[in-house]
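Biologist: I should like to learn how a ligand site and a metal site are read from a model. Please begin with the ligand.

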Amino acid sequence: MEINDDDHVSRRWFNVESVPKSHVFSDEDRPGNQQIPLCNTIPIIDLENNSSNLSETIIQACQEYGFFQVINHGVSEDVISEAMKVMEEIFNMPVEEIKKEVSNYSSGWVYMGSTSFAAKGAHLWRDNLKHPCHPLDECMHRWPRNPPRYRDVVGAYIKEIRRLSLVILELISEGLGLEEGYLGGISQVQFLTASNYPVCPDPTLTLGLLNHFDHSLITILYQGNVEGLQFLKDGKWIGVEAIPNAFLVNIGTQIEIISNGKLRSAAHRVVTNQEAARTTIATFINPSPDCIIQPAKLLIDEDNPPIYQPLSFRDFVNVSKPFGPFTDALQNGVCTLKK
Ligand SMILES: O=C(O)CCC(=O)C(=O)O
Ligand SMILES: [Fe+2]
């Protein structure tokens, strides 16, 4: 059976008893039967702990894993749970209604239904929505109008994530020995991407998200309490523990470049499961499209020559097409955002 978004007006198709051929990945890409262990050593950084050297701990985490979790981050549980609820509401809306909202991609937000994104010959087992979210007052009026509280709830969430991202970028700047505000200063663009990974009858065949790198400075992910994210360490997949009310932070390729390879951006993917649907909210903290990304001068000397060429973020994205066929739409969304 093939799944076609136009054949239905709700997400009923996810209740299928077996995985349709259109969603089966090749042997090479799919998770198969391999048991993937959960990593219990990804550092959990307590941002209120003044007694430890936070920037040093973060740098070590970024060198070893490319990932860390943060707790006591100051984002209230209410703000997080409201944002998660409103995302779940949106993913439960009939597809027709969501499509009505997205009249065209230049509106600055993109909805990818269950079949609109084919990668490596198969469809991802997920529903996804993306939109720019910084500066808030220039973006908010392009966000979904439904559910009616979407803009308020997600606006409150994004304000907090912006604050948190600047705290984290400052700790990374400090840990790398860069001047104050170095990374915060270039974090001019922010994208929100919310995903819903429905329960899957056979997770060995499917993927919520293919193996990829984030082309951000950092990504701040809220993954609720359902696991599914895995990252590659020393050539092996490892699962990331879901800690309620903690944010998972990962280093994107742009900080890997700025740090001249000192910090690593780890490849990751999302697997599905048979028991519980999973909703996540990722916020990509990005440079502006014209920003030239290159190893920071302070980290370069005779013994440490630059290992990356300078490239504008726009060119980097255009070459690597991280959002597949939607890359141009998203770039346009950012580049042509009008007041
Ligand atoms: O949903 C997740 O767990 C991860 C999402 C992700 O990696 C991405 O959007 O780049
Ligand atoms: Fe990612």
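Modeller: Ligand 1 is surrounded by Y197, L209, H212, D214, L221, L229, H268, V270, R278, T280 and F284; a residue is near a molecule if one of its heavy atoms lies within 4 Å of it. This is a predicted model, in which local features need pLDDT of at least 70, side-chain atom pairs count only at pLDDT 80 or more, and totals for chains, interfaces and linings use all residues. Residues are numbered from 1 along each chain as its sequence is written, chains are lettered from A and ligands numbered from 1 in the order in which they are written, and side-chain values use heavy atoms, with hydrogens and water left out.

Biologist: Which polar side-chain atom lies 2.7 Å from an oxygen atom of ligand 1?

Modeller: A polar contact is a pair of N or O atoms within 3.5 Å. Here an N or O atom in the side chain of T280 is 2.7 Å from a ligand 1 oxygen, while for D214 the distance to an oxygen atom of ligand 1 is 3.1 Å.

Biologist: Which residues are the protein donors of the iron ion (ligand 2)?

Modeller: Donors are N, O and S atoms within 2.8 Å of the metal (3.2 Å for Na, K and Ca); water is not among the atoms, so sites may look incomplete. For the iron ion, H212 (NE2), D214 (OD) and H268 (NE2) lie 2.1 to 2.2 Å from it.

Biologist: Is H268 buried or exposed?

Modeller: Buried means under 20% relative accessible area, exposed over 50%, partly exposed in between (1.4 Å probe, protein chains only). H268, at 4%, is buried, whereas H212, at 22%, is partly exposed.

Methods. A polar contact is a pair of N or O atoms within 3.5 Å; within protein, one must be able to donate a hydrogen and the other to accept it, and residues adjacent in sequence count only if both atoms are side-chain atoms.
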